[in-house]
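Work through the exercises below with the structure open. Each task is followed by a stepwise solution.

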Amino acid sequence: MAKQQLLLIGHGMVGQRYLESLVVQGGREIFDITVLCAEPLPAYDRVGLTSYFSGKTADDLSLVPEGFFEEHGITLKLNTKVDAIDRAGKTVTTNTGETLPYDKVVLATGSYPFVPPIPGNDRDNCFVYRTIDDLDAMIAASKTGKVGTVVGGGLLGLEAAKALHDLGLETHVVEFAPRLMAVQVDDFGGGLLKDKIQELGVTVHTSTGTQDIVDGENCTHRMNFGEDKYLETDVIVFSAGIRPQDELGRACELAIGERGGIVVNNHCVTSDEDIYAIGEVALWEGRIFGLVAPGYQMAEVAAEHLMGKAEQQFAGADMSTKLKLMGVDVASIGDAHGNTPGCRSTVFMDQTAGVYKKAVISECGKKLLGAVLVGDAADYGNLLQLCLNEMDLPGDPSALVAPMSDGAPLLGADALPDTAQICSCNNVSKGDLCAAIDGGAQTVGDLKACTKASATCGGCSALVKQVLDSELEKRGVEVNNHICEHFPYSRQEIYHLVRVGQITTFDELLEKHGSGDGCDICMPTVANVLASCWNDWVLNKPHAGLQDTNDYFLGNMQRDGTYSIVPRVAGGEITPDKLIVLGEVAKQYDLYTKITGGQRVDLFGARVEQLPEIWKILVDAGFETGHAYGKSLRTVKSCVGSTWCRYGVKDSVGTAIQVEDRYKGLRSPHKIKMAVSGCTRECAEAQSKDVGVIATEKGWNLYVCGNGGMRPRHADLFASDLTDEQLIKTIDRFLMFYIKTADRLQRTSVWLENLEGGLDYLKDVILNDSLGMGDELEAQMQHVIETYQCEWKSTIEDPEAVKRFNHFINETAEADDNLAYVRERGQRRPAYEHERIELVEEA
Amino acid sequence: MNSAVTVEWKAICSVDDVLPGTGVGVRLPKGQAALFRTRDGKFYALDNMDPFSHANVLSRGLLGSLGDKRVVASPLYKQHFDLETGQCIEDDSVKLTVYPVRVQGDVIELATPA
Ligand code: SRM
Ligand SMILES: Cc1cc2nc3c(=O)[nH]c(=O)nc-3n(C[C@H](O)[C@H](O)[C@H](O)COP(=O)(O)OP(=O)(O)OC[C@H]3O[C@@H](n4cnc5c(N)ncnc54)[C@H](O)[C@@H]3O)c2cc1C
Ligand code: SF4
Ligand code: FES
């Protein structure tokens, strides 16, 4: 029997889910499937659209698994918009001039942004926020503009405002209603939200309507608000709600709702039994669902119905939402406005902390009907579950919103029934998660891969983790902290085995406590632990093969395989003569030269075989290795302090140099950064370092466990008014305790956050010596300090070690011939792939 | 009809030139190979070019094992390659050329297509 023709019109989020569901159910046996997609790209993650501004590419956002269309023999036509459906002739025509016959049609055309009918709304640089094309246009316009304005203060409008702000524009939000997110939050919440948004640097104008948009004086546009009020802006983004993209349905006279939307029944069938509608275009019981989760449910229901299965029906969906802007916590659940007859609210508000929480409770006082959370949405997952599962409240309703006294969660993941829907985007229940855990899932990543939980908006990820942890615990699974398959131990245990067993080589450790050959995880870790304990030269024969390339060649490998050279410049202080040596070496070897963020100089582009000769020149001139490659002390940043500064109360440069010289070469679980400031103005930014020291009139204040980088953390004040001697002793103990107990690649910030007992415990151990190990820690540190050697000096003095730096073993005089460079701003840098192709063609 | 591929054995270096547990780069008539010596004394050779970065760096990767496979990890982006087959563990579509290696007395020889 010939296959029937199925046309999917619109390939957005819901369209793609429909295809996946149909494929699973064997739809390919019965149908030839053709997908008509008006956009130039196949389905992508519209929910995550805003992350396009923070570096995600169109590829990252794609929802289509690689090879999906080829594998399933589905035809995809991009840039193809359907212009009309001929229901009598059962064909559709497209803007590309094609006419395609069909047996069944699925409309998944989504919605379009509503642009208010303001005169001037079609001027240049007026945008909507819906597609990747829209975003590209906004990015282009932001390059020349200074001010950006979003019309509409709803969920999407605020997302768009954040994006404009991140693009570097002075940003405004103009909202007609008296509060932001009018649909989701109430007046109090809206007011607080406005404050929060303004704190982020976005100006909010509520109760403001735009009358027209005309030429501006200082900016491209002027938006007139009446009563002589106006705003000048260069870019305008309209985000005033969405409307179902139902024009195809209207034209062929399908039943349409009064305010738009193609009417569907519980199986997503329209008034024509051969046509389905799903996603944001579909109107079910008079409602449009502007969220992806209900759309996904419709996709499943429609696909099953097409395959002749009618059990599953669409039954409406929960519209709870959580704003996914960084820095602003807002969530609304269920009946947020308290519209249910007889309901009562309990409210908590703290204006100084910027927190507002409201819970809407049923008349009987036993059930949660809805909630609004502003400023602290940590309880979103818990409250949502209470509400969705109509669970009896665990106690006094006011406890739902009151700040918790003992920090205990309202309701553990344990209390949830198996049917509780944990991830609404992907319809994953607690039972589904449990099944996946039974099937071997051990991490949130595993659960995401096999159930899709937390893969869409991410709002459920905290709850997914809670379920995972409690279920693993229930199953008696000890969460495995073995560093890899070769050693059934954590880093901390390996450190202990090495110390106590006096083990000095990897082979010895492997033989006594491990199995297999070792790998790129355990070998560098063990090499690092051996160095922390015994401080042998890292290129000594038994250790050499364990080192990651950066440690093996004592330099950081760059993207073209060459290395960087970073000599130590303790405290950032350098004599003119030494500075000249750096310049001369850079010139002689044509090395790209840059001042680093760590107050020293980085020379890039040295070929592997050049490293020993360059370092010989540097060592002869009195430089030492800067360990820019090692998991070890990097830099101790200083401010000029009392040496010159009129405010300096102590010699911060001197102390920085002393500290850097003391701990240089110390191998540790991750890199260590320090800084010393000469007064509380804190020009050395010590409070962002693993160890930060700030001078006061009375002595040194010591801060610990700060971090810049990917997840910044302010350091905690650890001890005040220390003498020089106390300062050093405290840092000695602190560092050795970190080295003894941290996990592999765990900075001090993360280590402290995971340390049972936290800062107080750490103070007890280090300052009060509660474990009685203070002397031992100091002695261990003393050993490392006494055995310090400059790794580069030892290396250039050992001819056998120098030999290992040749690029070729058989043609030792030759260099890698695959390197290609481009000169830019007066210096050389490696060619990018596209330039390399041109360079090679020219050659 | 049989078409035998002729290979040419080429002397590269002596056994002691390669420290156990490390690799070295080898200049071939065309291109470059990475020659490895595992800690238990076996020799392997693969392309030196890392297909993910297009840099000639695989000889500087860490050796080890994953399950029962012996692998080298790229020093740049850490993908693993099977020393026996050249197969990339993380990406099925990527496979490196494997060059046969033999030890003749004290000399390591590598076979290249003639
Ligand atoms: C050269 C430099 C950038 C520059 O041009 O200024 C740099 C360059 C690199 N950084 Fe950095 N970081 C440099 C200062 C910083 C700073 C600023 C600072 O130290 O004051 C930070 C944030 C502060 C912090 O760490 O708390 C920083 C946070 C990172 C991170 C993220 C660490 C984190 O905890 O989140 C990485 C990745 C990692 O370590 O895993 C990283 C990793 C790297 C690596 C090693 C990436 C790599 O593996 O190839 C870069 C290669 C360096 C090279 O080839 O020499 N770099 N890096 C800076 C060298 C400073 C120095 O003199 O040694
Ligand atoms: C910035 C942003 C953030 C969002 N955040 C969230 C969130 O946090 N949580 C949430 O649940 N939802 C969120 N949404 C909403 C969510 O993206 C939508 O609910 C979802 O994309 C709807 O899917 P759909 O397939 O129905 O429509 P769409 O994804 O819009 O896909 C419809 C496709 O059909 C195409 N099309 C239209 N007409 C035709 C035609 N005639 N011929 C061919 N093709 C046609 C369109 O070009 C489009 O590609 C957000 C939306 C945006 C824009
Ligand atoms: S931030 Fe650091 S790691 Fe990232 S590119 Fe710059 S130097 Fe490299
Ligand atoms: S609820 Fe959106 S990803 Fe789980």
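**Exercise 1. Charges over rings**

Task: Find which ring lies under the charged end of A:K650, and which under that of A:R243.

Solution. The model is predicted.
Step 1. Take A:K650: its charged end sits over the ring of A:W700, 5.3 Å from the ring centre.
Step 2. A lysine counts here if NZ is within 6 Å of the ring centre and within 35 degrees of the ring normal.
Step 3. Take A:R243: its charged end sits over the ring of A:F114, at 4.1 Å from the centre.

**Exercise 2. Aromatic pairs**

Task: Classify the pair A:W284 and A:F289 by geometry, then state whether each residue is buried or exposed.

Solution.
Step 1. Two values are needed, because a pair of aromatic rings is described by the distance of the centres and the angle of the planes.
Step 2. Over all chains, the count comes to 17 aromatic pairs.
Step 3. One of them joins A:W284 and A:F289, with 6.3 Å centre to centre and 45° between the planes.
Step 4. Planes under 30 degrees apart are stacked and those over 60 are edge-to-face, so 45° makes this pair tilted.
Step 5. A:W284 has a relative accessible area of 8% and A:F289 one of 1%. Buried means under 20%, so both residues are buried.

Task: Do the same for A:F737 and A:W751, and say where each residue lies.

Solution.
Step 1. The ring centres are 6.1 Å apart, with 65° between the planes. The pair is therefore edge-to-face, as the angle is over 60 degrees.
Step 2. A:F737 lies in helix α21 (residues 724–741) of chain A. A:W751 lies in helix α22 (residues 748–754) of chain A.
Step 3. The two residues are 14 residues apart, and the pair links distant parts of the chain.
Step 4. Both A:F737 and A:W751 are buried.

Task: Name the residues that form one aromatic cluster with A:Y552.

Solution. The cluster holds A:Y552, A:F553, A:Y563, A:W615, A:W792 and A:F805.

**Exercise 3. The shell of ligand 1**

Task: Describe what surrounds ligand 1, and give its polar contacts at A:N556, A:K673 and A:G708.

Solution.
Step 1. The shell has 21 residues. The closest are A:Q558, A:T596, A:G597, A:R600 and A:G708.
Step 2. By class, the shell divides into three nonpolar, eleven polar and seven charged residues.
Step 3. At A:G708, a backbone N or O atom lies 2.6 Å from an oxygen atom of ligand 1.
Step 4. At A:K673, a side-chain N or O atom is 2.9 Å from a ligand oxygen atom.
Step 5. At A:N556, a polar side-chain atom lies 3.3 Å from an oxygen atom of the ligand.

**Exercise 4. A:N550 and A:D548**

Task: Place A:N550 and A:D548, and decide whether each is buried or partly exposed.

Solution.
Step 1. A:N550 lies in helix α17 (residues 549–552) of chain A. A:D548 lies in the loop between α16 (541–544) and α17.
Step 2. A:N550 has a relative accessible area of 18%, so it is buried. A:D548 is at 24%, so it counts as partly exposed.
Step 3. Beyond its neighbours within four places in sequence, A:N550 contacts A:G555, A:N556, A:M557 and A:Y629.
Step 4. With residues up to four places away left out, A:D548 touches B:L62 and B:K78. Its side chain makes a polar contact with the side chain of B:K78 (3.3 Å).

Conventions
Residues numbered from 1 in each chain as written. Chains lettered and ligands numbered in written order. Predicted model: local features only at pLDDT ≥ 70, side-chain atom pairs only at ≥ 80, totals over all residues. Heavy atoms only, no water. Near = heavy atom within 4 Å. Polar contact = N/O pair within 3.5 Å; in protein donor to acceptor, adjacent residues only side chain to side chain. Nonpolar A, V, L, I, M, F, W, Y, C, P; charged D, E, K, R; others polar. Phe/Tyr/Trp six-rings, centres within 6.5 Å; stacked < 30°, edge-to-face > 60°. Buried < 20%, exposed > 50% of the residue type's maximum accessible area, 1.4 Å probe, protein only. Helix = DSSP H or I, 4+ residues; strand = E, 2+ residues; numbered from the N terminus. Contact = heavy atoms within 4.5 Å.
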